[in-house]
Amino acid sequence: MEYAIELENVRFAYHDGRPALRGVNLRIAPGEKVALVGPNGAGKSTLLLHLNGILAGQGRVRILGQEVNGANLGWIRAQVGLVFQDPDDQLFSPTVFEDVAFGPLHMGLPEAEVRERVAWALAQVGMDVFADRISHHLSQGEKKRVAIATVLAMKPEVLALDEPTAGLDPRARRGLLRLLARLPQTMLVATHDMRLVAELFPRTVVLDAGQVVADGPTGHLLADEALLEAHGLESPYLSPERREVLLKMS
């Protein structure tokens, strides 16, 4: 079987020698939507940055059967749409249109196709009437949608999102959830939003101290209070009373 995402014994340490990933093995099939959860410092963002070659450690990373390396980074980055936690790290052009057009233009596509892709991508995220707006005048939720549009315009096979609901109000969060639910791409989403995990992802991977400590059906993992407590996570299924008891015990 050709996996959409495949990591084999991936290890990575920062310049100060601090290990971030300690032999991560992970396989995600085409079309799967998978949540990546764990405490701060677990290595979630570091793992995502390996998927399109921004970071490279030891071990193997394959996307759609192709190993990520210096020789094919252009192709890999066209296949993996990476959305950063802070959309201001992704939006740097004067207007929404220019931000979304940036990727297709650098693929060398003709102007007509670039315009078609921009219109299509903005329509997918419900931002088609915002094309001429100044990106940095948008709300946080609107910026997140535009950031997703910037990668959708590349028509990637894989989406990797880092904390997509962070900083969103309830309405923007619900809108983003509906968007992610209908997108067909293979998806790996790093998040602390356990309600998002429960609502959207059939499969969850728990990462802690740079290692995969659990991987399975979301319902089973979120019902395992001992597992979640051991790795600094909170079940969205807990009653307020039970949550208060656990907080006093911790």
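Me: Okay, two strands pair if DSSP finds at least two bridges between them. How many bridges join β4 to β5 here?
Reply: This is a predicted model, to start with. In it, 2 bridges join strand β4, residues 58-63, to β5, and the two strands run antiparallel.

Me: Which residue in β5 is the bridge partner of I63?
Reply: That's Q66.

Me: What sheet do those strands belong to, and in what order do they come?
Reply: They are part of an open sheet of 4 strands, in the order β2-β1-β4-β5, with antiparallel pairing. β2 (19-28) and β5 (66-67) stand at the edges with a single partner strand each, so each has one side without a neighbour in the sheet.

Me: Switching to β8. Which strands pair with it, and in what sense?
Reply: Strand β3, residues 33-37, pairs with β8 in the parallel sense over 4 bridges. Strand β7, residues 158-162, also pairs with β8 in the parallel sense, over 5 bridges. For concrete contacts, V34 has L188 as its bridge partner in β8, and L161 has V189.

Me: Is β8 enclosed or open, and why?
Reply: β8 (residues 186-190) is largely enclosed by the rest of the structure, because 5 of its 5 residues are buried.

Me: Which way do its residues point?
Reply: T186, L188 and A190 point one way from the strand, while M187 and V189 point the other way, and all are buried.

Me: New topic: rings. How many aromatic pairs are there in the whole structure?
Reply: A search turns up 2 aromatic pairs. One of them is F12 with Y14, set edge-to-face at 5.3 Å centre to centre, with 90° between the planes.

Me: Are F12 and Y14 buried or exposed?
Reply: F12 is buried, at a relative accessible area of 13%. Y14 is partly exposed, at 29%.

Me: And what's the geometry of F92 and F102?
Reply: F92 and F102 form an edge-to-face pair too, 5.0 Å centre to centre and with 90° between the planes. The pair links distant parts of the chain, 10 residues apart: F92 is in the loop between β6 (80-83) and α3 (96-106), and F102 is in helix α3. F92 counts as exposed because its relative accessible area is 52%, and the cut-off is over 50%. F102 is partly exposed, at 36%.

Me: What lies over the face of W120?
Reply: K155 does, at 5.2 Å from the ring centre.

Me: Last topic, pockets. How much space is in the largest one?
Reply: About 530 Å³. Its lining has 21 residues, and those nearest the centre are Q90, F102, G103, V151 and M154. F102 is thus both a pocket residue and a member of the aromatic pair with F92.

Me: Which element gives the most to the lining?
Reply: α3 does, with 4 residues.

Me: How does the lining divide into nonpolar, polar and charged?
Reply: There are 11 nonpolar, 7 polar and 3 charged residues.

Me: Where is V151, and is it buried or exposed?
Reply: V151 is in helix α5. It counts as buried because its relative accessibility is 6%, and buried means under 20%.

Me: How far is its C-alpha atom from that of V80?
Reply: The two C-alpha atoms are separated by 8.2 Å, although V151 and V80 are 71 residues apart along the chain.

Methods. Residues numbered from 1 in each chain as written. Predicted model: local features only at pLDDT ≥ 70, side-chain atom pairs only at ≥ 80, totals over all residues. Heavy atoms only, no water. Phe/Tyr/Trp six-rings, centres within 6.5 Å; stacked < 30°, edge-to-face > 60°. Buried < 20%, exposed > 50% of the residue type's maximum accessible area, 1.4 Å probe, protein only. Lys NZ or Arg CZ within 6 Å of the ring centre and 35° of its normal. 1 Å grid on protein atoms, 1.4 Å probe; cavity = no way out; pocket = protein on both sides within 12 Å on 5 of 7 lines; lining within 4 Å. Points joined across faces, edges and corners; volume = space filled by probe spheres on them. Nonpolar A, V, L, I, M, F, W, Y, C, P; charged D, E, K, R; others polar.
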